[in-house]
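I opened this notebook to keep track of what I looked up, entry by entry. What would I want to know before the next look?

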Amino acid sequence: MTAIKDAIKIIDAAPKITFLTGAGVSTPSGIPDYRSLQGVYQGIDQPEYLLSHDCLVYEPQKFYQFIKQLYHPEAQPNIIHKKIAALARKKPVWVISQNIDGLHDKAKTPHVVNFHGNLYDVYCCKCNQSIPWEKYLTCDIHENCGGRLRPNIVLYGEGFTTDVVNHATAAVKSADLVVIVGTSFQVAPFNQLLYYRDKHAKIMAINQTPLAIQEPFTMVQCAAEDLFKEINI
Ligand SMILES: [Zn+2]
């Protein structure tokens with residue numbers, strides 16, 4: 001296991017970094033992992049169903065009730081988002097995030113790919129118009145056309161846009177160092193992004209529990225905020 005100070009030396013020395021971030025990056029901002037919400041009042045349904053295309057189409061009220069719980073507009077970027085954004089102003093840094101909370105954007109990170117979309121980006125399924133998320137939280141029907149509103153996130157059972165996949169793979173290809181932060185890295189296709197890295201690129205993982213990755217990598221087992229607060233920029 002690598003110590004925090006040695007990990008920081010590797011981050012400092014890398015000319016180009018791509019961060020792959022997950023739920024553990026947002027929990028210090030007070031955002032619970034949606035998996036912890038199961039059973040709150042949804043009975044036997046699993047979050048994977050409640051966040052699925054089928055649920056949106058066949059049980060839209062159930063979908064809407066669940067998705068509303070995922071909005072935390074009061075949440076602010078924490079030390080991890082802020083230090084990554086600061087690094088990105090100093091050298092080429094990309095962020096590809098599994099999180100749908102938009103906190104990397106809120107931290108003004110220059111190059112972010114929200115791999116699973118952004119809850120605060122809402123549109124009408126019928127007329128395609130963009131709608132403020134505040135409106136969506138009061139009603140899921142578009143007042144102009146009667147269409148159903150939804151957030152622009154990738155639901156279970158839906159595909160990824162070519163644009164997002166192209167940006168993400170290009171960001172991984174360009175990196176000298178790929179840093180996985182705050183995720184057990186078990187969700188495909190997010191965890192397959194590593195295949196696109198340059199063969200000379202190094203891999204580091206910062207997570208509270210050890211990761212199982214087939215490639216050689218540096219494991220830093222800690223809460224991500226404990227590492228990022230020690231980075232001097
Ligand atoms: Zn509409």
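**Entry 1, a bridge partner.** I started with Thr-21 and found that its bridge partner in strand 7 is Val-181. Strand 1 (residues 17-21) and strand 7 pair in the parallel sense over 5 bridges, where pairing requires that DSSP finds at least two bridges between two strands. Strands here are DSSP runs of E with at least two residues, helices are runs of H or I with at least four, and both are numbered from the N terminus.

**Entry 2, the ground rules.** I noted that this is a predicted model, in which local features need pLDDT of at least 70 and side-chain atom pairs count only at pLDDT 80 or more, while totals for chains, interfaces and linings use all residues. Residues are numbered from 1 along each chain as its sequence is written, and side-chain values use heavy atoms, with hydrogens and water left out.

**Entry 3, strand 7 again.** I then looked at the other pairing and saw that 5 bridges join strand 7 to strand 8 (residues 202-207), the two running parallel, with Leu-177 opposite Lys-202. Of the 5 residues in strand 7 (residues 177-181), 5 are buried, a label that means under 20% relative accessible area, against over 50% for exposed and partly exposed in between (1.4 Å probe, protein chains only). Leu-177, Val-179 and Val-181 point one way and Val-178 and Ile-180 the other, and all are buried.

**Entry 4, helix 5.** I counted 7 of the 10 residues of helix 5 (residues 79-88) as buried, among them Ile-80, Ile-84 and Leu-87. The buried residues of this helix pack against helix 1 (4-13), strand 1, strand 2 (93-97), helix 6 (103-106) and helix 9 (224-228), contact meaning heavy atoms within 4.5 Å. At the start of helix 5, a side-chain oxygen of Asn-78 comes to within 2.8 Å of the backbone nitrogen of Ile-80.

**Entry 5, the zinc ion.** Which protein atoms are the donors of the zinc ion? I found Cys-124 (SG), Cys-127 (SG), His-142 (ND1) and Cys-145 (SG), lying 2.0 to 2.4 Å from the ion; donors are N, O and S atoms within 2.8 Å of the metal (3.2 Å for Na, K and Ca), and as water is not among the atoms, sites may look incomplete. Angles of 101 to 122° among the 4 donor atoms make the site tetrahedral, a label given to four donors if all angles lie between 85 and 135 degrees. Along the chain the donors follow the spacing C-x2-C-x14-H-x2-C. Cys-127 lies in the loop between strand 4 (117-124) and strand 5 (130-131) and His-142 in the loop between helix 7 (133-136) and strand 6 (149-153), so the pair ties together parts that are 15 residues apart in sequence. Cys-127 is partly exposed at 36% relative accessible area, whereas His-142 is buried at 5%.

**Entry 6, Lys-126.** In the loop between strand 4 and strand 5 I also looked up Lys-126, which is exposed with a relative accessible area of 61%. Leaving aside neighbours within four places in sequence, Lys-126 is in contact with Cys-145, Gly-147 and Arg-148, and a polar atom of its side chain lies 3.0 Å from the backbone oxygen of Cys-145.

**Entry 7, disulfides.** With a disulfide taken as a pair of cysteine sulfur atoms within 2.5 Å, I recorded a count of 0. The sulfur of Cys-125 has its closest cysteine sulfur 6.4 Å away, in Cys-124, which is too far for a bond.

Notes: Tetrahedral: all angles 85-135°; square planar, octahedral: opposite > 155°, others 65-115°. Polar contact = N/O pair within 3.5 Å; in protein donor to acceptor, adjacent residues only side chain to side chain.
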